[in-house]
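Please walk through this model with me, starting at the ligand and ending at the backbone.

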Amino acid sequence: MARGLLILVEGLDRTGKSTQASILLDKLKPNAELVKFPDRTTPIGQLINRYLTDESFQLPDQSIHLLFSANRWELSQSLQNTLLSGKHVIMDRYVYSGIAYSLAKGIDGMDFDWCIQPDKGLIKPDLLFFLSNRDSLDTASREGFGQERYESLAFQEKVRDQFYRVLERLENYSQGTDSNRLQMINVTNQSIDQVSITIWEIVNRKLQNEPPTDFAFF
Ligand code: T5A
């Protein structure tokens with residue numbers, strides 16, 4: 001049986017990742033499942049949620065980085081099983097967020113190689129949509145921005161720079177070029193419908209291709 005596709009929606013805060021992941025899920029149902037990181041329901045996810053929502057809850061930056069990665073490992077076997085059963089998985093954030101947010105903190109010793117290490121061995125996505133904006137002001141006015149740790153404009157601009165570094169390192173991204181896996185989508189002045197149509201066209205094309213057999217790993 002052909003395995004399912006791992007379709008990842010990544011990007012900056014409030015660019016519409018969850019919105020688009022859920023629209024895509026509806027289009028692919030019942031042959032698809034949604035996985036969102038952080039998964040705040042697991043024991044590790046609950047710690048992460050506390051860190052994100054409670055400023056008084058302190059953890060070393062190294063510890064929270066490892067917890068985000070551990071959260072991905074908690075679900076990695078079931079992710080693989082779902083894909084092998086022929087179902088597609090739509091994923092909302094993953095390794096790319098993990099590295100970009102930690103690099104943006106600029107902590108001594110936490111360079112790219114340190115940050116990728118705990119995620120080595122996780123399955124790579126078959127399709128990666130990266131939602132970007134012209135600048136963080138475009139999407140910061142959207143509902144909910146500013147309620148959690150990391151949601152400040154200054155920090156978001158650092159995250160943006162680091163995301164492009166991560167895409168260069170992991171996807172050979174250079175400005176203006178998409179690879180077979182990476183699809184850059186600038187959401188500035190794009191309605192939810194416009195973005196979802198673009199995503200669906202690309203997914204639909206991918207679904208017409210020969211399905212992948214092997215997994216690729218970070
Ligand atoms: N993090 C995460 C790490 O540091 N390390 C890690 O390893 C991981 C996995 C929480 C934080 O954790 C960090 C990154 C984050 O700071 P989260 O739970 O994904 O991560 O954060 P959320 O707050 O849930 O998600 P985002 O802020 O990133 O929002 P989304 O999913 O991009 O945006 P969405 O879809 O919820 O939409 C936001 C609002 O915008 C509207 C929606 O209706 C909604 O109101 N909207 C649009 N409005 C106009 N035009 C459009 N095209 C729109 N698209 C959506």
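A backbone N or O atom of Gly98 lies 3.3 Å from an oxygen atom of the ligand. This is a predicted model, so read each distance as a computed value. Gly98 has company. Gly16 also brings a backbone N or O atom to a ligand oxygen, here at 3.0 Å. At Thr15, a polar backbone atom is 3.2 Å from an oxygen atom of the ligand. How much of the ligand does the protein cover? On its own, the ligand has 1100 Å² of accessible area, and the protein covers 85% of that.

Now look at the site as a whole. The ligand takes up the space of the largest pocket. Three elements each give two or more residues to the shell around the ligand: α1 (17–28), α3 (61–74) and α5 (95–104). The shell counts 27 residues. The closest of them are Arg14, Lys17, Thr19, Arg72 and Arg93. What is the chemical make-up of this shell? Charged residues number 11, with 8 polar and 8 nonpolar residues beside them.

Next, step back to the chain. An unreviewed UniProt entry annotates residues 9–168 as "domain: Thymidylate kinase-like". Across residues 9–168, helix makes up 51% of the chain and strand 12%. The C-alpha atoms at the two ends of this stretch are 17 Å apart.

Finally, check the backbone for unusual geometry. Most peptide bonds are trans, and most residues other than glycine have a negative phi. Which peptide bonds are cis here? One runs from Lys29 to Pro30, with omega near 5°. Find Pro30 in the loop between α1 and β2 (32–36). The α1 helix before that loop is one of the elements that give two or more residues to the ligand shell. Another cis bond runs from Phe37 to Pro38, where omega is near 0°. Pro38 sits in the loop between β2 and α2 (43–53). Strand β2 thus has a loop with a cis bond to a proline on either side, Pro30 in one and Pro38 in the other.

One more residue deserves a look. Where is Tyr150 placed? Tyr150 belongs to the loop between α7 (137–140) and α8 (153–171). Its phi is near 85°, a positive value in a residue other than glycine.

Key:
Residues numbered from 1 in each chain as written. Predicted model: local features only at pLDDT ≥ 70, side-chain atom pairs only at ≥ 80, totals over all residues. Heavy atoms only, no water. Near = heavy atom within 4 Å. Polar contact = N/O pair within 3.5 Å; in protein donor to acceptor, adjacent residues only side chain to side chain. Areas by Shrake-Rupley, 256 points an atom, 1.4 Å probe, with all protein chains shown as cover. 1 Å grid on protein atoms, 1.4 Å probe; cavity = no way out; pocket = protein on both sides within 12 Å on 5 of 7 lines; lining within 4 Å. Sits in = over half its atoms within 2 Å of the grid points. Helix = DSSP H or I, 4+ residues; strand = E, 2+ residues; numbered from the N terminus. Nonpolar A, V, L, I, M, F, W, Y, C, P; charged D, E, K, R; others polar. UniProt positions renumbered as here; feature names shortened; annotations may be inferred.
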